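Look at the chain below. Then work through some short questions about its parts.

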Amino acid sequence: MALVKSSGIRGRQHGLAEQVFSRAAGAPLMPGNAVNLLRDARENYPAWLRAIHEAQRSILFENYIIEDDDVGRAFADALMARARDGVQVRVLYDWLGCQGTASRHFWRTLRDAGVEVRCFNPFQFDRPLAWLGRNHRKTLTVDGEVGFVSGLCVSHKWVGDAARGVAPWRDTGLEIRGPAVADLVRAFAQGWSTVGAPLDEEACLSARASLPMGEVALRVVAGVPWSAGLFRVDQLIASLARQRLWLTDAYFVGTAAYVQALRAASRDGVDVRLLVPGSSDIPALRPLTQAGYRPLLEAGIRVYEWNGTMLHAKTAVADGTWARVGSSNLNPASWLGNSEIDVAVEDGPFAQRMEAMYLEDLEHATEVVLDGRARRLKAAPLLPRARRGTPGRRGSMSRAAAGAVRLGNTVGAAVTNHRELGRTESKVVFGAGVVPLALAGVALYWPHAVAVPVALLGVWAGIALWSRALRLRRQEAEGSQQPPRPEQEVPPLPTSAAPPADAAPEAEPRQP
């Protein structure tokens with residue numbers, strides 16, 4: 001890979017390093033692709049709609065949020081029109097992501113027009129915690145010839161409101177043509193098969209699907225819960241970068257291991273930068289966000305806060321040779337809990353375009369610094385309320401999850417003393433101390449207020465386990481037990497790290 005070459009690894013070690021990277025990512029390097037960088041909804045949405053209108057065989061569309069608004073209805077109309085013309089159109093949406101954004105009538109209208117619609121991982125009574133694993137992917141694949149991967153959902157928030165002075169959400173996507181598009185088809189098929197009958201992948205590919213369309217080599221890192229493929233990739237990139245590592249993330253909650261990797265890179269002289277949103281959907285989480293800056297800033301990492309409405313992009317670029325674009329945030333939910341999909345591009349010209357775009361973004365951001373003898377954080381002010389737009393409930397849930405992890409990191413450090421806490425974390429620790437004291441007071445004075453919820457949770461868990469056991473016994477008794485649905489696993493790599501350009505690539509199924 002280009003980053004391995006730039007790190008100075010040569011000879012047999014170079015081949016070994018490439019193998020290590022492929023195995024860590026769970027995805028082979030696929031040459032022969034053409035990649036187009038798309039910025040914001042103004043470039044992504046028209047490209048998506050154009051590809052849908054030109055579809056001849058199949059459309060595979062999955063997204064975390066599809067909203068029943070002007071944007072969502074424009075996509076629905078385009079999908080229904082192609083379905084009526086005989087194109088096989090399949091839509092996979094996430095149950096949690098689309099709660100409250102689209103009605104049953106919206107999905108029924110699509111189905112009535114011939115679109116096959118499936119809902120990923122709806123809540124099930126007998127699986128109380130299964131709903132935590134979400135499909136956070138955002139992909140569109142047409143005819144197996146063109147594919148799109150991004151962080152964009154389908155909603156007016158990504159378009160903005162010029163009349164009210166609300167800017168569009170900042171996001172990044174890719175248009176891919178070439179053999180790697182077959183990997184996107186297989187990734188979609190993996191998620192599709194967890195909901196119902198498997199997808200006929202070959203029917204979604206044209207005769208030209210495996211033909212080289214360009215000179216770019218890339219990996220489709222399609223991760224599933226607990227595979228941690230992208231986490232391993234991010235760790236490797238932090239270790240291999242020699243000059244620059246520039247990150248953009250919407251909900252950054254670095255684990256101790258990843259933060260340590262970034263700090264080590266910075267202390268070795270790597271120019272490490274992190275661009276994050278400057279305006280939070282939940283203002284109460286801002287102190288938690290700032291608390292995570294200190295260990296980065298003290299190691300020389302430069303942190304910037306976006307001044308616009310919302311920064312939703314998830315990108316990375318290293319040494320002008322390697323870049324990543326996709327749906328994964330730098331936090332445990334994306335690394336471990338969700339189905340996500342990202343594209344790691346190993347191409348100098350493309351990475352340089354990513355660096356140029358990053359520098360343009362920094363012109364609309366404010367740098368966070370440690371100021372004064374007390375080493376206090378000095379950050380960007382909050383945006384005026386009128387410019388923040390309507391807070392997204394789904395975005396707020398993501399922020400809340402990120403805040404919960406960050407809170408856990410701070411409280412854990414306070415209890416175990418495994419790192420020094422900063423002054424900005426005093427409020428967090430104080431607030432965390434109030435919670436157990438309040439619970440203790442409630443338990444002492446109103447014991448039923450604690451006992452009843454615990455008992456109800458116990459009843460729910462017991463009934464859920466019994467119902468599953470009875471279902472399995474009934475299947476066994478009837479002799480009609482069906483084979484289990486395929487697990488969300490990463491398939492083994494092909495024996496060749498780089499298959500011939502005229503062969504259909506092997507790829508792991510995976511996650512948004």
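Here are questions and answers on the fold, the cores, a strand, some charges and a patch.

This is a predicted model, in which local features need pLDDT of at least 70 and side-chain atom pairs count only at pLDDT 80 or more, while totals for chains, interfaces and linings use all residues. Residues are numbered from 1 along each chain as its sequence is written, and side-chain values use heavy atoms, with hydrogens and water left out.

Q: How many helices and strands does the chain have?
A: Helices (H or I, at least four residues) and strands (E, at least two) are DSSP runs, numbered from the N terminus. The count for this chain is 16 helices and 16 strands.

Q: What percentage of the residues count as buried?
A: Buried means under 20% relative accessible area, exposed over 50%, and partly exposed in between (1.4 Å probe, protein chains only). The chain has 512 residues. The buried portion is 52%.

Q: Which element supplies the largest share of the largest nonpolar core?
A: A nonpolar core is a set of buried Ala, Val, Leu, Ile, Met, Phe, Trp, Tyr and Cys residues joined through side-chain atoms within 4.5 Å. The largest one has 46 residues, and Trp48 and Ile59 are among those with the most contacts inside it. Elements supplying at least two residues each include α3 (40-53), β2 (58-63) and α4 (70-84). The largest share, seven residues, comes from α4.

Q: How many residues are in the second, separate core?
A: Nonpolar side chains tend to be buried together in soluble globular proteins. This second core includes Ala25, Ala261, Leu297 and Trp335. Its size is 35 residues.

Q: Which residues of β14 point the other way from Glu340, Asp342, Ala344 and Glu346?
A: In a regular strand the side chains alternate between the two faces of the sheet. Strand β14 spans residues 340-346, and seven of its seven residues are buried. Opposite to Glu340, Asp342, Ala344 and Glu346 point Ile341, Val343 and Val345.

Q: Which residue of β14 stands opposite Val221?
A: Two strands pair if DSSP finds at least two bridges between them. Strand β8 (residues 216-223) is joined to β14 by seven bridges, and the two run antiparallel. Five bridges join β13 (residues 322-326) to β14, also antiparallel. Opposite Val221 stands Asp342.

Q: Is Arg170 buried or exposed?
A: Arg170 lies in the loop between β6 (146-150) and β7 (172-177). Contact means heavy atoms within 4.5 Å. Beyond four places in sequence, Arg170 touches residues including Trp306, His312 and Asp361. Its relative accessibility is 2%, so Arg170 counts as buried.

Q: Which residue forms a salt bridge with Asp40 at 3.1 Å?
A: A salt bridge is a side-chain nitrogen of Lys or Arg within 4 Å of a carboxyl oxygen of Asp or Glu. Asp40 is in a network of salt bridges with residues including Arg170 and Asp361. Asp40 is buried because its relative accessibility is 9%, while its partner is exposed at 55%. The partner at 3.1 Å is Arg42.

Q: What accessible area do Leu444, Tyr445 and Trp446 have together?
A: Nonpolar patches join side chains of Val, Leu, Ile, Met, Phe, Trp and Tyr within 5 Å, from residues with over 30% relative accessible area and no salt bridge. Leu444, in helix α15 (residues 426-445), counts as exposed at 69% relative accessibility. Areas come from the Shrake-Rupley method with a 1.4 Å probe. Together the three residues have about 470 Å².

Technical notes:
Patches are made of residues with over 30% relative accessible area and no salt bridge: like charges are joined within 9 Å, nonpolar side chains (Val, Leu, Ile, Met, Phe, Trp, Tyr) within 5 Å.
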